[in-house]
Amino acid sequence: MSYAGRLRDGRGPRRFGSDVIVDAMRAHGLRYLTMNPGSSFRAIHDSIVNYGANDPRMIVCTHEKIAVGIAHGYAKVTGEPAGCIVHDTVGLLHATLGIYYAYVDRVPVMLFGGAGPMAYERRRPSIDWLHVSNVQGNLVRDFTKWDDQPATVGSVHESVARGYRVAVSEPQGPVYLAFDTTVQEDPLTADIEPPAITANPIPSRLGADPAALAELAELLVTAERPVLVPGYAGRSPDAMGQLVELAESLGAGVIDTHIRLNFPSHHPLNATGTTALEDADAVVFLDVKDYGKPTTTLNKTDRTFQSRIAPDAKVADLGLGHVSTSSWSHDFMGMHRLDLQVTADTTVALPQLIELCREREAAHPARRDARARWRIALGDMHHRTREAWWAQARQRWDDSPVTSARLACAVWNVVREHDWVLSAGTAKDWALRLWDFDRPYRHPGISLGTATQFGISLGVALAHKGSGRLVVDLQPDGDLMYDLGALWEAAYHEIPLLVVMVNNRGYVGDWDHQERLAQVRGTPGENAFFGMEIDHPAPDFAAVARSFGWHAEGPVDNPALVEDAVRRAARTVLDEGRPALVDVVCGHE
């Protein structure tokens, strides 16, 4: 049973500093505050429950990393920050991985923390001393956009307003605000009203240098075989339609990085997985940070790579990938030769670029025939690639354990009957190859590092709660093993999520590395399992999920039984509004 309907009326008219903090959260429209309890923000906790009547709504979590992950997933879907609050120092230490990935993924999260008491005379023996650090922000300063620790209650509103502006301004990212217990717990000597939100408007988006954007348009319309490579452009729900318009106007192929969903998967100009890049005479990145991954062939054994872009092709970049360069994390990625770099928010620049290309196309009639041939070639490549994927998926169709391709097909046969969303994982890219991603909200972007997917998936499902959409998480077993306790969050907060385990009973990505090294070094490949398997005993994910109140089935290793099990689970999610899990045992691929 959740807490719904069990809260009593709050306290009387007396006001405290923590009430002002809650006022600031509400003034900026924070609907949710994810958290794991901590005494350093006990006053904020009380104010939310008894002063704010659970507004913002608290989402209690079993670990601070999961709390950040839920806020991360929610923001990826909505484009709006959720709040997250963590305990003084030690809670922040738990949260760091989640904060780092929110920073890398350019997601706005409003992180709050308890601090202190900074005053020695107000500290409890032992525990308060252990949990206090001089400047908490030092812990996360290298992977947040900004941090602050306001010293007085009178500074709260300005601190929160600035933090919100910084978090949502592009490139977006997390900010961290710590509040001393004295600021939170002391009674107010005079009332402090929140300023009008219009007093601190969000800064306008960054537009392109008109001359540079015109040069980019000229590069595109004079090309005969253009290819677009979008990355974070798809964070805007308008981007998919704009990219379709631009690609169709130019006859350009589109190679989706899937950092965000940018382009319909079944559109004939979708060149993802084809050889279009090798044939292109112009390649334009659209808000891409990692140029290398979508454009190189990698030898995973010796870590060497080869560019797929022709040496004489023109290469340009439009976006903000280079704007937030860290001095600590090398998430700025490798540099790539560029003929033109245009700094701009694609939300602003894409519509302008479409118009500029239209205006210039008439001046280059000789290119029309060449681009018409390119358009036909792209359509042929798209068709052949999709046919090859399906043929490959049907290989080992009846294998047990189940192949990732067969699992993706079985789940697709269920979800296609509904309005659906894929949260993060893609079953080794088989969902991206076989499913029809036809609308911007179908997928907020591929999964990030291990121990991040489940929390983000919970946030994606929370954002879609009440929409009637079926949110599906193709969940790796190794990732969930970090966060099994978070199954409770979905049940307690009634977050409707369908989890289908891609359970290969091992850390298979690293297992593959050991097998490659064995080949190079001449060591026994049979030893690669050691330190990699999640087996003997094999975790029973369905049993664990049932213990937390989920509908759960499995383990299922017969491929013929997967689809029916997923269909039953989907009906539970949609009809009862509660989470469901199907544990599918998959092979090592």
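Is E576 buried or exposed? In this predicted model, E576 is exposed, with a relative accessible area of 52%. Select R578 alongside E576: their side chains meet in a salt bridge, at 2.7 Å from N to O. R578 is partly exposed, its relative accessible area being 28%.

Next, display the salt bridges of the whole model, which come to 37. Select R15 and D191, a pair whose closest N and O atoms are 2.7 Å apart. R15 lies in the segment before α1 (17-27) and D191 in the loop between α7 (181-185) and α8 (210-221), so the salt bridge ties together parts that are 176 residues apart in sequence. R15 is buried, at 16% relative accessible area.

Move to R205 and D345, which form a salt bridge with their closest N and O atoms 2.8 Å apart. This pair links distant parts of the chain, 140 residues apart: R205 in the loop between α7 and α8, and D345 in the loop between β13 (340-343) and α11. R205 is partly exposed at 45% relative accessibility, whereas D345 is buried at 0%. Add R106, E170, R235 and D287 to the selection to show the network of salt bridges that links them with R205 and D345.

Finally, select helices α9 (residues 239-250) and α11 (residues 346-361), which pack at an angle of about 15° with their axes 10 Å apart. The two helices are therefore roughly parallel, and their crossing is left-handed. To view the contact, show Q242, L243, E245, L246, S249 and L250 of α9 together with L350, P351, L353, I354, C357, R358 and E361 of α11. These residues divide into eight nonpolar, two polar and three charged.

Technical notes: Residues numbered from 1 in each chain as written. Predicted model: local features only at pLDDT ≥ 70, side-chain atom pairs only at ≥ 80, totals over all residues. Heavy atoms only, no water. Axes fitted to C-alpha atoms, helices over the stretch in contact; angles between N-to-C directions. Helix = DSSP H or I, 4+ residues; strand = E, 2+ residues; numbered from the N terminus. Parallel < 35°, antiparallel > 145°, perpendicular 65-115°, else oblique. Left-handed = near helix turned anticlockwise from the far one by under 90°. Contact = heavy atoms within 4.5 Å. Nonpolar A, V, L, I, M, F, W, Y, C, P; charged D, E, K, R; others polar. Salt bridge = Lys/Arg side-chain N within 4 Å of Asp/Glu carboxyl O. Buried < 20%, exposed > 50% of the residue type's maximum accessible area, 1.4 Å probe, protein only.
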